[in-house]
Amino acid sequence: MSKVLGICCARLKYNQEEKYESAGYEIIKLYEEGKKYYDDVLVFHPSEVNYKLIRSQKEPIVSLKGKDITNLSTLIIRRVKLYEKATSILARVLDSCGCDVFDPVDRFQGNSPSKLLTTVNRHEKGVGVSSYIAASFEGATQLISEFDNQQFPLIVKPIDGRGGEGVELLNNLNEAIEYAKKFFEDNQERNQPILFQEFVRIKSEYRVMIVDGQSLGLVKKIAQLGAIAANAAQGGNFIATDADDVINLAVNNVSQRGILGVDVVRDFEEKLYILEANRSPQWKAFEEATGINVAQEIIVRAINRLNRVKDSES
């Protein structure tokens, strides 16, 4: 198997001959030395990489300008400024594929919370929906061109939590291209990747409120007529319910520490998917539906944690 080195840097720029300029001394030296030991060396910008996280396939598909780099041997990351999120998904996905990411993967956390890394986590556990990520309009165009008609409609959503705001349904290739064009024009200063997801035909949708790995309760979410998202912030209604399989899926596939509002959907074939695991969930509508005092549950667990620490120190 050939050994391929990837050198990623957010300061790279193309000139008119489609060759990199502004690479800097360090990148040039790494490239020269890498050529001595590796079969191939790829130098690239984080925005040039696309990702397919398909539920039925255990391993992600990672491509660089149409070239499959899923089996990249080593990844060295130099500069990340302004492209922290694009770099975070690169490091996390290639690490999951067995690539040796030279610096600790924990170094690349995206600068602020986003759906990207949790999307990778759910893919690894086989509980998420198929997802597709691009970090530039050129990359998105390449990605969209690879979709076939059976993959539409697709959902597109912001990678930072907005309570369901900004979630849209794309019905065909032309709509996807137009959306991507406007998305990257509007986000030039933020350098946000775009996230497409499989549209699951939902039979029922749920919210599980979890604190320190324990379920507080479950509600069914009912979207307003014509709405895509069933979030309370978008006018969705919450109804208390019971479904052990939903609760077990949520509890067993999210963090065992902290506060989480986990959104789970069931399709018409009875398959369950985790759509979101929100670290800052609103719970007023959940509380009204269930009668559970969420704030009290959180504070009681916080005190219990504190007491356990004191007991262990005494």
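Contact here means heavy atoms within 4.5 Å. With that in mind, helix α1 (residues 24-37) lies across β1, β4 and β8, and runs at about 160 degrees to β4. Please keep in mind as you read that this is a predicted model.

**The sheet and its helices**

Let us start with the strands under that helix. Strands pair through backbone hydrogen bonds, in either a parallel or an antiparallel manner. Here, four strands form an open sheet in the order β4-β1-β8-β9, and the pairing is parallel. The edges are taken by β4 (40-44) and β9 (100-101); each has a single partner strand, so one side of each is left without a neighbour in the sheet. Further in, β1 (residues 4-8) and β8 (residues 74-77) run parallel and are joined by four bridges. If you would like a place to look, Ile7 has Ile76 of β8 as its bridge partner.

A second helix, α2 (residues 84-96), lies across β1, β4, β8 and β9, at about 160 degrees to β8. One residue to pick out in α2 is Leu90. Leu90 counts as buried because its relative accessibility is 0%, the cut-off for buried being under 20%. Leaving aside residues up to four places away in sequence, Leu90 touches Cys8, Phe44, Val49, Tyr51 and Leu75.

**Domains and distances**

The domain assignment divides the protein into domain 1 (4-111), domain 2 (130-198) and domain 3 (202-301). Between the C-alpha centres of domain 1 and domain 3 there are 36 Å. For a view at the residue level, Leu90 and Ala289 are 199 residues apart along the chain, and their C-alpha atoms are separated by 40 Å. Glu59 and Ser96, 37 residues apart in sequence, have 8.1 Å between their C-alpha atoms.

Glu59 sits in the loop between β5 (49-53) and β6 (61-64), and is partly exposed with a relative accessible area of 40%. Beyond residues up to four places away in sequence, Glu59 touches Thr70, Asn71, Cys97 and His123.

**A helix with two faces**

Next comes α5 (residues 173-186), a helix of 14 residues that reaches 20 Å from its first C-alpha to its last, close to the 20 Å expected. Which residues of α5 are buried? They are Ala176, Tyr179, Ala180, Phe183 and Phe184. These residues cover an arc of only 120 degrees around the axis, which means they are on the same side of α5. An α-helix has 3.6 residues a turn, so residues three or four places apart point the same way. The buried residues of α5 pack against β10 (131-134), α4 (137-145), β11 (154-157), β12 (168-170) and β13 (194-198). Turned away from that buried side is a face with the exposed residues Asn174, Glu178, Lys182 and Asp186.

**Backbone details worth a look**

Most residues other than glycine have a negative phi, and most peptide bonds are trans. Two residues with positive phi are set out below.

| Residue | Phi | Loop | Relative accessible area |
|---|---|---|---|
| Lys65 | near 50 degrees | between β6 and β7 (67-68) | 51%, exposed |
| Glu270 | near 70 degrees | between β17 (259-267) and β18 (272-278) | 40%, partly exposed |

As for the peptide bonds, the one from Phe152 to Pro153 is cis, with omega near 0 degrees. Pro153 is placed in the loop between α4 and β11, and both of these elements are among those that the buried residues of α5 pack against.

Methods: Residues are numbered from 1 along each chain as its sequence is written. This is a predicted model: local features need pLDDT of at least 70, side-chain atom pairs count only at pLDDT 80 or more; totals for chains, interfaces and linings use all residues. Side-chain values use heavy atoms; hydrogens and water are left out. Two strands pair if DSSP finds at least two bridges between them. Helices (H or I, at least four residues) and strands (E, at least two) are DSSP runs, numbered from the N terminus. Axes are lines fitted to C-alpha atoms, for helices over the stretch in contact, and angles run from 0 to 180 degrees between N-to-C directions. Domain bounds come from an automatic or database domain assignment. The expected span of a helix is 1.5 Å times one less than its number of residues. Buried means under 20% relative accessible area, exposed over 50%, partly exposed in between (1.4 Å probe, protein chains only). The arc is that of the directions from the helix axis to the C-beta atoms.
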